[in-house]
Amino acid sequence: MDAGVAAVVGAAIGGGLAGLTAIGTGLFGLRQARLQLKHQESEAARQRRFESLTERRGPRSEAYADFIAAGQELVDVLHGRQEEFHQQYATIQSHIRKRRAAVAIAGPDAVVAAAGEFADAVRSMRNDLAHGKRNQPFRYRHEMEQRLDAFAKTARTALEDEGSSV
């Protein structure tokens with residue numbers, strides 16, 4: 001083989017290797033760009049979820065606080081005299097139902113369910129008293145306090161959620 005041909009073959013091999021290196025580097029760069037884009041899209045979606053949750057947190061907090069206040073009215077009346085309970089019960093139950101509707105709209109499902117459990121217990125108490133199963137409303141005080149506390153705990157958990165699962 002003469003020196004000229006060897007030089008051309010060497011240059012071709014060198015050029016081929018340089019080309020392959022450039023292709024490999026380009027493919028690696030493309031892969032990195034795709035990974036970076038995927039990460040940015042994921043981060044943007046997470047940020048949108050977080051912002052959405054933050055925007056809902058205020059109205060949710062207000063709905064939850066109003067429901068707790070209505071429930072606390074009932075608990076407070078259960079700590080008073082029996083005559084006061086019978087005079088105020090219809091109004092208090094109406095407040096609880098209305099506040100439950102606001103919680104049902106605000107969500108999420110776990111909080112709606114906890115509000116429903118409290119409201120159902122209030123309705124059950126009313127039915128028991130109306131049908132003579134119990135004649136002392138004050139015997140329900142502890143149960144109502146526990147259910148209202150369970151609602152409050154569920155509501156706090158929902159408000160503390162930072163959007164990772166929303």
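Biologist: When H2 passes H3, is the crossing left-handed or right-handed?
Modeller: Bear in mind that this is a predicted model. The two helices in question are H2, residues 82-106, and H3, residues 109-130, and their axes sit 10 Å apart. As H2 goes past H3, the crossing is left-handed.

Biologist: Do H2 and H3 run roughly parallel or roughly antiparallel?
Modeller: Look at the packing angle of H2 and H3, which is about 155°. The cut-off for roughly antiparallel is over 145 degrees. So, relative to H3, helix H2 is roughly antiparallel.

Biologist: How many charged residues are there in the contact of H2 with H3?
Modeller: From H2 the contact takes in residues including Phe 85, Tyr 89 and Arg 100, and from H3 it takes in Asp 120, Arg 123 and Arg 126, among others. Sorted by type, the residues of this contact give 13 nonpolar and 2 polar, and the number of charged ones is 4.

Biologist: Between H2 and H3, which residue follows the cis peptide bond that starts at Gly 107?
Modeller: Most peptide bonds are trans, so a cis one is worth a look. Here omega is near -10° for the bond that leaves Gly 107. The residue on the far side of that bond lies in the loop between H2 and H3, and it is Pro 108.

Biologist: How do H3 and H4 run, roughly parallel or roughly antiparallel?
Modeller: The axes of H3 and H4 come within 8 Å of each other and cross at roughly 165°. H3 passes H4 in a left-handed crossing. With that angle, the direction of H3 against H4 is therefore roughly antiparallel.

Biologist: And how many nonpolar residues does the contact of H3 with H4 have?
Modeller: On the H3 side you'll find Ala 114, Phe 118 and Met 125, among others, and on the H4 side Met 144, Leu 148 and Phe 151 are among the partners. The contact of H3 with H4 has 1 polar and 3 charged residues, and its nonpolar count is 13.

Biologist: Now the rings: is the pair of Phe 67 and Phe 118 edge-to-face or stacked?
Modeller: The count of aromatic pairs comes to 4. For Phe 67 and Phe 118, the centres are 5.7 Å apart and the planes make 80°. An angle over 60 degrees is what the edge-to-face label asks for. That makes this pair edge-to-face.

Biologist: How many residues apart in sequence are the parts tied together by Phe 67 and Phe 118?
Modeller: Both Phe 67 and Phe 118 are buried. Phe 67 belongs to helix H1, residues 3-78, while Phe 118 belongs to helix H3, so their pairing ties together parts whose separation in sequence is 51 residues.

Biologist: Phe 67 also pairs with a residue in H4; which one?
Modeller: This second pair is tilted, with 4.6 Å centre to centre and 50° between the planes. Phe 67 is buried at a relative accessible area of 0%, and its partner is buried at 0% too. The pair ties H1 to H4, residues 141-160, across 84 residues of sequence, and the H4 partner is Phe 151.

Biologist: Which Tyr is in the cluster linked by ring pairs?
Modeller: Phe 67 pairs with Phe 118 and with Phe 151. Ring pairs link these three into a cluster that also takes in Tyr 64.

Biologist: Is Leu 78 of helix H1 buried or exposed?
Modeller: Leu 78 touches Phe 85, Met 125 and Met 144, among others, leaving aside residues up to four places away in sequence. Its relative accessible area is 0%, under the 20% cut-off, so Leu 78 is buried.

Biologist: What is the C-alpha distance between Ile 68 and Arg 99?
Modeller: Ile 68 lies in helix H1 and is partly exposed at 27% relative accessible area. Beyond its sequence neighbours, it touches Leu 148, Phe 151 and Ala 152. Arg 99 is 31 residues away in sequence, and the C-alpha distance is 8.6 Å.

Biologist: And how far apart are the C-alpha atoms of Val 9 and Arg 156?
Modeller: Val 9 is in helix H1 too, and at 37% relative accessibility it counts as partly exposed. Along the chain, Val 9 and Arg 156 are 147 residues apart, and their C-alpha atoms are separated by 75 Å.

Technical notes
Residues are numbered from 1 along each chain as its sequence is written. This is a predicted model: local features need pLDDT of at least 70, side-chain atom pairs count only at pLDDT 80 or more; totals for chains, interfaces and linings use all residues. Side-chain values use heavy atoms; hydrogens and water are left out. Axes are lines fitted to C-alpha atoms, for helices over the stretch in contact, and angles run from 0 to 180 degrees between N-to-C directions. Helices (H or I, at least four residues) and strands (E, at least two) are DSSP runs, numbered from the N terminus. Angles under 35 degrees count as roughly parallel, over 145 as roughly antiparallel, 65 to 115 as roughly perpendicular and the rest as oblique. A crossing is left-handed if the near helix is turned anticlockwise from the far one by less than a right angle, and right-handed if clockwise. Contact means heavy atoms within 4.5 Å. Ala, Val, Leu, Ile, Met, Phe, Trp, Tyr, Cys and Pro count as nonpolar, Asp, Glu, Lys and Arg as charged, and the others, Gly among them, as polar. Rings of Phe, Tyr and Trp (its six-membered ring) pair if their centres lie within 6.5 Å; planes under 30 degrees apart count as stacked, over 60 as edge-to-face and the rest as tilted. Buried means under 20% relative accessible area, exposed over 50%, partly exposed in between (1.4 Å probe, protein chains only).
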